[in-house]
Amino acid sequence: MTLVTDARRPARRAPGADRPPGGPDHGAWFLVLPALIPILVLSVGPLLYGILLAFTDAQSGRTEPTRWIGALNFQDLLHDTLFWESFRIGLVWAAGVTVPQFLLALGLALLLDQNLRLRWLARALAIVPWAMPEVVVGIMWRLVYNTDAGILNETLRDLGLGDGHDWLSGLGTALPAVIVVGVWAGMPQTTVALLAGLQNTPRELHEAAAVDGAGAWRRFRTVTWPALRPVALAITALNLIWNFNSFALVYVLTNGGPGGRTRLPMLFAYEEAFRYGQFGYAAAMGCVLVAVISIALAVFLVGRLRGGAGGGDEA
């Protein structure tokens with residue numbers, strides 16, 4: 001009876017057996033569309049329009065029709081010393097923020113990974129700057145750097161270290177002061193990423209290294225850092241891109257001054273477009289910046305893929 005019953009039972013069909021082989025899965029496209037449409041409308045569309053605008057002489061308040069001028073904007077850009085100076089400042093800013101940001105975040109992540117009392121409170125406080133909008137951060141630090149009533153100058157006066165300094169208006173102090181704010185504002189996200197990488201490191205490896213007599217530095221060098229390196233490389237590359245593209249924080253703090261000492265490339269392009277009305281020229285600047293960032297990202301991804309392939313071969 002059992003054999004007869006099993007024979008009459010219809011065979012189960014594999015998932016997707018009714019779908020013709022090689023045919024498109026239309027249901028999957030409907031699931032992707034809600035996420036794909038905003039990307040096309042808000043990212044890809046403006047990007048393509050900006051590239052098109054870079055080859056025109058579009059200006060604000062212009063009564064004549066916009067004309068196609070080819071690569072003239074890019075030719076002018078090659079000889080624009082102010083733009084390349086802002087590009088240099090952007091590189092200094094990105095490196096000056098990213099490097100100390102990573103080192104401080106690594107130290108804080110190692111500390112928060114320890115079994116300390118009130119560790120949950122310390123972790124919550126560590127991400128507070130990340131939760132604050134950049135405009136709010138900029139206003140808060142303007143108050144800190146205030147010449148007359150700022151907490152920094154008041155502290156220096158109380159310690160007898162001078163009568164205070166105009167940090168955001170000094171030619172030699174504006175960029176370092178802004179870099180300090182950038183490090184403070186961006187450190188939490190790096191800390192969270194590194195802390196997640198530390199918690200994925202097997203505790204047994206640390207215990208085995210400690211049993212073998214390895215000290216704290218040797219355990220970090222041989223156990224912690226090899227496991228943390230992929231996360232560190234990824235978050236460092238992202239931080240470089242994010243910091244190079246910074247706009248709101250510097251705009252609120254210094255508006256590119258004094259004398260252009262903190263005029264980052266994005267701020268320079270913004271001024272060309274919305275202060276001087278040179279939309280086509282500003283779009284050309286944006287294209288150059290997008291190209292530079294894309295090349296840097298491609299180099300990073302190729303290096304990561306080659307590193308992963310090499311590691312796989314060794315394994």
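Which pattern does the protein follow when read along the sequence? I began with this question and found that the protein follows α-α-α-α-α-α-α-α-α-α-α-α-α-α.

**Before reading further.** I noted that this is a predicted model, in which local features need pLDDT of at least 70, side-chain atom pairs count only at pLDDT 80 or more, and totals for chains, interfaces and linings use all residues. I also noted that residues are numbered from 1 along each chain as its sequence is written, and that side-chain values use heavy atoms, with hydrogens and water left out.

**Helices and strands.** I looked up the elements and found 14 helices and zero strands, where helices (H or I, at least four residues) and strands (E, at least two) are DSSP runs numbered from the N terminus.

**Burial, surface and contacts.** I read that buried residues make up 32% of the 315 residues in the protein; buried means under 20% relative accessible area, exposed over 50%, and partly exposed in between (1.4 Å probe, protein chains only). The accessible surface comes to about 19700 Å², and 66% of this belongs to carbon and sulfur atoms; such areas come from the Shrake-Rupley method with a 1.4 Å probe, and for residues only the protein chains shown count as cover. Among contacts (heavy atoms within 4.5 Å) between residues at least 6 apart in sequence, I found that 65% join residues at least 24 apart.

**The loop between α12 and α13.** I then turned to Pro258, which lies in the loop between α12 (248-253) and α13 (265-274), and saw that the peptide bond from Gly257 to Pro258 is cis, with omega near -5°. Asn255 lies in the loop between α12 and α13, and Asn255 has a positive phi of about 55° although it is not a glycine. Asn255 is partly exposed, with a relative accessible area of 33%.
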